[in-house]
Amino acid sequence: MLKVVENAVPVACWSCSVAHNESTLFCPDCSKIQPPSSGDYFSVFGLTPRLNIDLLALEREFHRLSRSLHPDRFARASENEKEWSLADTALLNDAYRTLKDPLRRTEYLLKLQGAEMDASAADDKDRKNPSRVPADLLEEVFDLNMQLEEMRMAWKMGQEDPELKESLLKAKGKFEGLVGAVDCDLRAQWAIWDAGDAAARQTALHAMVALVDRRRYLSNLVRDVTAILGD
Amino acid sequence: MAEAERAVVVGIDLGTTNSLVAYMEGDRPVVIPGVDGSNLVPSVVALDPMPASGGRPTVTVGNSARKALIETPERVIYSVKRLMGRDLEEVRAELKFFPFRLAGDIEAGEVPRIQLGELRFTPPEISAYILRQLKRNAERFFGTPVAQAVITVPAYFNDAQRQATKDAGRMAGLDVLRLVNEPTAAALAYGLDRAKEGTIAVYDLGGGTFDISILKLCDGIFEVQSTNGDTHLGGDDIDNLLLTVALDEIYAEHGVDLRAHPGAVQALRKAAIDAKIRLSTERAAQFDIELPNGDRYQREIPRAVFELLVEPMLKRTAGPCKQALADAGMTPEQIDEVVLVGGSTRIPAVRALVDDLFRLSARGKKPHTELNPDEVVALGAAVQAGILAGASKTTDDMLLLDVTPLSLGIEALGGTVARIIQRNSTIPASATEHFTTGVDGQTNVAIHVLQGERELAADCRSLARFDLKGIPPMAAGLPRIEVRFLIDADGILQVSAREQRSGKASQIEVKPTYGLTDEQVENMILDSFDHAEEDFSRRLLIEARNEADAILAAVRRAPQNPAWNELSAEEQAAIAVARDRLVLVIQGSDLNAISQAMVALDKATRHFAELMMDAAVSSAIRGKTMNDAGKEVDETVTAPHAMAPAEFK
C-alpha cells in the first residue's frame, strides 16, 4: 500500500515523446494519460484563478474529465498509466471539491495568492481570547458566551430554561444573519478581484482575508449554539 | 484480441451470511449457480476430519459446511466478515456474539487467529476459502480459469476492513481489480434498466450491517453524494432479540435455563429466524419446541408484538439516513427513488419506516424491490466488473464515483484530531501535510492516522501508526517532511513521504503497523492455485471427482442415520439410482456428465438432508448433542446463526 513519490515531471510525453505543456493531463498528440501536473486546481479545469465560477459548467467538465481519467478506465493499462490515472483523478477530485464550494474556493485562492490565513481563528481554545473577537461584536459575543455557559450548566442539572433557550435562538438567528452578510460582502470582493487590476486585486485580497476570518469565527459560534440547542 | 483481454472479470458479493458470484452475460448481469444449483453459497467454512494418513485436512464451504455445524461445531466458522480487519480487542468484543475459539497466544497488534479443530486461521484466510469456492463455481460454469474479480464491501467499512478483504482475494488466487461499496453496487444493478437521471437513496439492511447511500445519476455517471451507516446493525440483532425473549420466557415458565445448553440455544435461534421470516408474510408465527425436561414451549407471536419489539432497533437506521441527507444537502422530498437492499428489507416494518423517512407514499412513490434483495449486490458487482473489463456497450458509458465514508485525520498535540480528508469526499482523494522533528538529530517521526468523526483521537478508530524512518539528522525543526495521504478508488489509504530540505525523497520509509504484511499474505496464499492453464481442465476434473467422492461417501453412510427410515421407498430408490449414475460417470472424464450427476444426486437427497438437519436440531434442543458448541460463549449468548434458510419461499 505504500509508494515512494517520484519527483520528476516529464514535459515530453512518455509515450510519443512530443513535448507538451506540463499542466496537461493528456498528451495533445497521442492522447495518452500523463503524470499529474504541477499546476493549480484552476488549471485542472482549464481556468485561470478566479472567484466567480459557472458551477454547472464546472460539473460538466468534472464529469467529462472523470470519464477519461478515472482508474476504472485503466484497469487493464500499464502499471505507470494506472498510477498516473490514480494521481490525476485524486488531483481532479481535490480540485473539484475545493472549487465547487464558495468558501473553500475563496480560501484556496487566497492561499494561492500568498495571503497569510489565520488558522488559529478556528481554534476553540483561542476563541474566547478577547483579542480574537471581531471588535464590533465584543459585547454580543461576551453575552452569548455567558448564555452558552448557563445553558450548559442547566443541562447538567437537568433543568429546562425556556427563557434562556428563546434568547439563544434569537442570538443564533442574529449570528446567522451576520454570516449571510459576510457572504454578501465576500461576493462583492470576488467581482472586484476577478475584474480588477493588480492594485485593486491587492485591496480585495486584504478585504477577503479579514472577511474569511470573520466568517470562520461567526460560523463556529453558530455551530456551538446549534449544538447546545440540539442536545 | 489477446487472450488476457477476453478473460472474464466476475463480481463477488462476499456477505456475512451468504456469498454470490455473478458476471455480465452480454448486457445483463447474471448470478452463477453452485454445483448444487443454488445461487447463494452460505458463508460457512468447515474443516473436514484430519486424514488418517496425516497431512492437512480438506476444507469445505457452503451448504456442506453448514451441515457440519451440527456434527462438528468446533471445526466450523460462519459470519467471519464480522472479524475482517478487526484487532484483537475488537474481536474479543465480537466473541460475545460468536461461539468460536480464538488462538490464545496472539499478542496485541497481531492479526487474530481462529482455532478450527487442530488448525488456526486468520479471518482473511477463512474468507479466502469462500472466495475460492466462488472462483471454482465460476470456473466450472465457464470451463476456463477465472483470475480477476470485483468484490463488494459495506460502504461503512474502514481502511483495515477493506485491506483485509483485498488480502483474502489475493490468498484465493484472485486479482481484485476493485472493491465496490455494496449500496453503490446495488444502484448500478438498478441503474441498468431505468431512466438515467435523478437522485436515488439506497437503503441496505443486511445480516450484520446497515448502509445508506445517496447518489446522483447523470448521463451514466453514478456520483455518490454521501454515505452513512452502522457496521453493527442487521438481521442478526433481530434474531438475538427474539432469542432473548424466548430464553427468558422458557426460564420463567418452565424453570429451564437453556443457556446451559449452547447447542439448544443454536437450535432455538433457528426457530427464531424461521419465525422472523414467516412474520414478513403472515400475521403471526409460532414457536413449538420440546425442552430438555420434556415440557413444550409453545408461543404465538403476532406481527404487532414483533413490530413493537424491533421498533427501537429499526429506528437506529433513521439517524444515519438523516445524516446522509444532511451531508448531501438534501431534503427527503428531493430523493426521486429509494432502492431496498438486503434480506432484512423484506420486513414490513422496515418498509414502513423507509416510506416515512423519505415520505414515499405521501408523494405517490414506492421503494424499488424488483431485483432480489439477496442478489442485487452481486449483480451490481458484475456490472462494475463489466465497466472495468470494458467488455460491453451497456457499461461503456457508465462510471461510478464513490466517496470515503469516514473522515481521515492525524493525531495532533493534546490528543485532538486534525482532519485532513473529510468524509464523503469523492475518491480517489488526497491531502498533503508537513511534519518536522522536535529533537536535534532525530531521524524518526511517528504519525498516528485515524478514521472517524469525533474530536478526540481516543474516540476515533486508530487506523495505523506510521513510522517515517531515515530522516537525515538535522537541527530540531529543520527537516521538512512532506507526507502525502491518498485514498485510492478502493477506499484504501496509501501514504508516501519525502524530506524536502535534503531532497532525499526515497530515503523516507513509511511503515504501517497493522494488518498482515505482504510476506504474511504471500505465505497464506491457498495451495493448488498455481496450476498452469493447460492443466486447467484436468484440474477441474480432479476437483469434480473429489467432490463427487465426498458426496458418495456421505450417501453411503445415509442408511445408518435414523432420518433415512423417514424417507418413502420411492425416495430411497431415487437416491440409489442417482448414486449409481454418479458412480458410473466418475470413471470417465466427461466433466459435464459428472456435474449433472452431482446436481441430480443433490436434488434426490435434499429431503433427506432436511430431515437430518431437523433431527439434529431437535436433539440439540433436548441437550443430547452440540453441547460443545460455544463453550466460550458468555451468559448472554447472541450468536448470529448460519442455519437461516438461504431462500425465502
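What is the handedness of the crossing of α16(B) and α17(B)? It is left-handed, the near helix being turned anticlockwise from the far one by less than a right angle. This is a predicted model: local features need pLDDT of at least 70, side-chain atom pairs count only at pLDDT 80 or more, and totals for chains, interfaces and linings use all residues. Residues are numbered from 1 along each chain as its sequence is written, with chains lettered from A and ligands numbered from 1 in the order in which they are written.

**View 1. Helices α16 (residues 569-585) and α17 (residues 591-604) of chain B.** Helices are DSSP runs (H or I, at least four residues), numbered from the N terminus. The two axes, lines fitted to C-alpha atoms over the stretch in contact, come within 9 Å and cross at roughly 160° on a 0 to 180 degrees scale between N-to-C directions. α16(B) and α17(B) are therefore roughly antiparallel (over 145 degrees). The contact (C-beta atoms, placed from the backbone, within 7 Å) includes Ile575(B) and Leu582(B) of α16(B) and Ile594(B) and Leu601(B) of α17(B). Its residues are 12 nonpolar (Ala, Val, Leu, Ile, Met, Phe, Trp, Tyr, Cys, Pro), no polar (the others, Gly among them) and two charged (Asp, Glu, Lys, Arg).

**View 2. Helices α6 (residues 182-191) and α12 (residues 376-389) of chain B.** Here the axes come within 7 Å and cross at roughly 75°. α6(B) and α12(B) are therefore roughly perpendicular (65 to 115 degrees). Among the residues that meet are Glu182(B) and Leu188(B) in α6(B), and Leu379(B) and Gln384(B) in α12(B). The contact divides into 10 nonpolar, two polar and one charged.

Methods
Helices (H or I, at least four residues) and strands (E, at least two) are DSSP runs, numbered from the N terminus. Angles under 35 degrees count as roughly parallel, over 145 as roughly antiparallel, 65 to 115 as roughly perpendicular and the rest as oblique. Two residues are in contact if their C-beta atoms, placed from the backbone, lie within 7 Å.
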